[in-house]
Amino acid sequence: MFLDRVKIWIKAGNGGNGCTSFLRTKLVMNGGPDGGDGGNGGNVIFKVNKDMNTLFSFRFKKKFVAGDGERGDKKNMTGAKGRDEIIEVPCGTVIIDSESDEVIADLCDMDSTFVALKGGAGGHGNAYYKTSIKQAPNFSQTGETTQLREVILELKTIADVGLVGYPNVGKSTLLSVISNANPKIANYPFTTIYPNLGVVEAHGQTFVVADIPGLIEGASDGKGLGHYFLKHVERVRLILHLIDISESEGRNIFDDYETINRELANYSEELTKTPQIVVFTKCDMISDEEREKKVKEFENKYKIKTLQICSIIHEGVEDLKNKTLEKLNTIPKKPPIVVTKHDFDVKDKTSIYIDREADGTFVVTGGKIDNFVRGVVLSDARSFAYFQGRLQEMGIIDMLKERGLKNGDMIRIKDIEFEYMN
């Protein structure tokens, strides 16, 4: 089964908690704090696997979670870093932030990797908080927690040449003749239901050709199968536009040419800039005189040169391969998608929100609060005093007073609830 678009959930590992410990040996009378830091959580990394050509492996597994960092230990031992979650994808995969619909990465090279999410920071052990004044801190910091994020993986086939045209114009037959591909071939519309790739060799050089499933009129608006696969034409450097010169399906060559080009343009203005070679197929199904007349009329109307082939008997195929290679040698590879930098993996450490519950309790939340309370231990008087002082310094008490805070009111911050006394 071919799959070229899928939605998955990813999560970096949480940071490990810091350790609260004091040195205790018979040879040391006043051992100080020796609690180590927690390890950082594992990252979520996307990596290209050259042997993959579809997103089928994501059909059943939708959630990918990196390992959490290990807790710190005594003797200033730092916890181990969490296991990285490496997600293998085919070359040409584009990663999109599901929430903003922004492209965050374009893995268009065989050695591409992308760190999508970084693991949470490990918490500091109590040894970190030791100072000349505070020589025996009895608290440590919890690790940073991470959030589950949703992304879309979309595969845009990496090929040098794209075969486009109406169903049944001979794309699959041509691909089977010029390359090592073995696509399904039959005389009915939409035989090809996913892009096929083939490697073509000519004069000691190779190039990749993609058979794009049949487009029809209205494909860019969602009709037929073609709209699912127009994305696979975006990366090709050269389009071979195949047209059935025998008009065996009841259409004429002029309508075919104009309709397919219109659908390409409607999907992406960039596709109108992609060079084309127009190739007439099934030339064995009409007389030489009729073929010559149609070709001449077509070339005069559109002021272009065309090629004529019959794939089954290999007529004109070698010339087509040579002309294609010659054209490709003059066309540079298309650049990757421009990725606009946005806050996909920027952790919120600045937001503050204040709400009031029905019983009058003030509830303070936000990214700045989440980061701040990681080092607070209610059972430790110094830690709680530091906590209260920082609330004042951060302006949170003033913000609460603006909302009506007075002596005796209850304040809840995460799992910490206390009575405000000025």
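Let me start with the open sheet whose four strands run in the order S15-S16-S17-S18, with mixed pairing, and I should say at once that what we have on the screen is a predicted model. At the edges of this sheet stand strand S15, residues 353-356, and strand S18, residues 416-419; each of them has a single partner strand, so one side of each is left without a neighbour in the sheet. From one strand to the next, the twist averages 20°.

If we move inward, strand S16, which covers residues 362-365, pairs with strand S17, residues 410-413, in the parallel sense, and the pairing runs over three bridges. To find that pairing in the structure, you can look for Val-364, which stands opposite Ile-413 in S17. Helix H7, spanning residues 381-393, packs on the sheet and touches S17 and S18, and the direction of the helix makes about 75° with that of S18.

Now to a second sheet. It is also open, it has five strands in the order S3-S1-S8-S5-S6, and its pairing is mixed. Which strands stand at the edges here? They are strand S3, residues 63-65, and strand S6, residues 103-107, and because each has a single partner strand, one side of each is left without a neighbour in the sheet. Neighbouring strands in this sheet are turned by 25° against each other on average, if direction is ignored. Strand S1, which takes in residues 5-11, pairs with S3 in the parallel sense over three bridges, and within that region Lys-11 has Val-65 in S3 as its bridge partner.

Let me step back to the chain as a whole. The secondary structure of the protein chain comes to eight helices and 18 strands. As for the overall dimensions, a compact globule of 422 residues would have a radius of gyration near 22 Å, whereas the protein chain has 32 Å. The box filled by the C-alpha atoms, taken along the principal axes, is roughly 105 × 55 × 35 Å.

Two further values concern burial and surface: buried residues make up 50% of the 422 residues in the protein chain, and the chain exposes about 21,900 Å², of which carbon and sulfur atoms supply 49%. Finally, on contact order in sequence, if we consider the contacts between residues at least 6 apart in sequence, 71% of them join residues at least 24 apart.

Notes
Residues are numbered from 1 along each chain as its sequence is written. This is a predicted model: local features need pLDDT of at least 70, side-chain atom pairs count only at pLDDT 80 or more; totals for chains, interfaces and linings use all residues. Side-chain values use heavy atoms; hydrogens and water are left out. Two strands pair if DSSP finds at least two bridges between them. Helices (H or I, at least four residues) and strands (E, at least two) are DSSP runs, numbered from the N terminus. Axes are lines fitted to C-alpha atoms, for helices over the stretch in contact, and angles run from 0 to 180 degrees between N-to-C directions. Contact means heavy atoms within 4.5 Å. The radius of gyration is taken over C-alpha atoms; the globule rule is 2.2 Å times the number of residues to the power 0.38. Buried means under 20% relative accessible area, exposed over 50%, partly exposed in between (1.4 Å probe, protein chains only). Accessible areas come from the Shrake-Rupley method with a 1.4 Å probe; for residues, only the protein chains shown count as cover.
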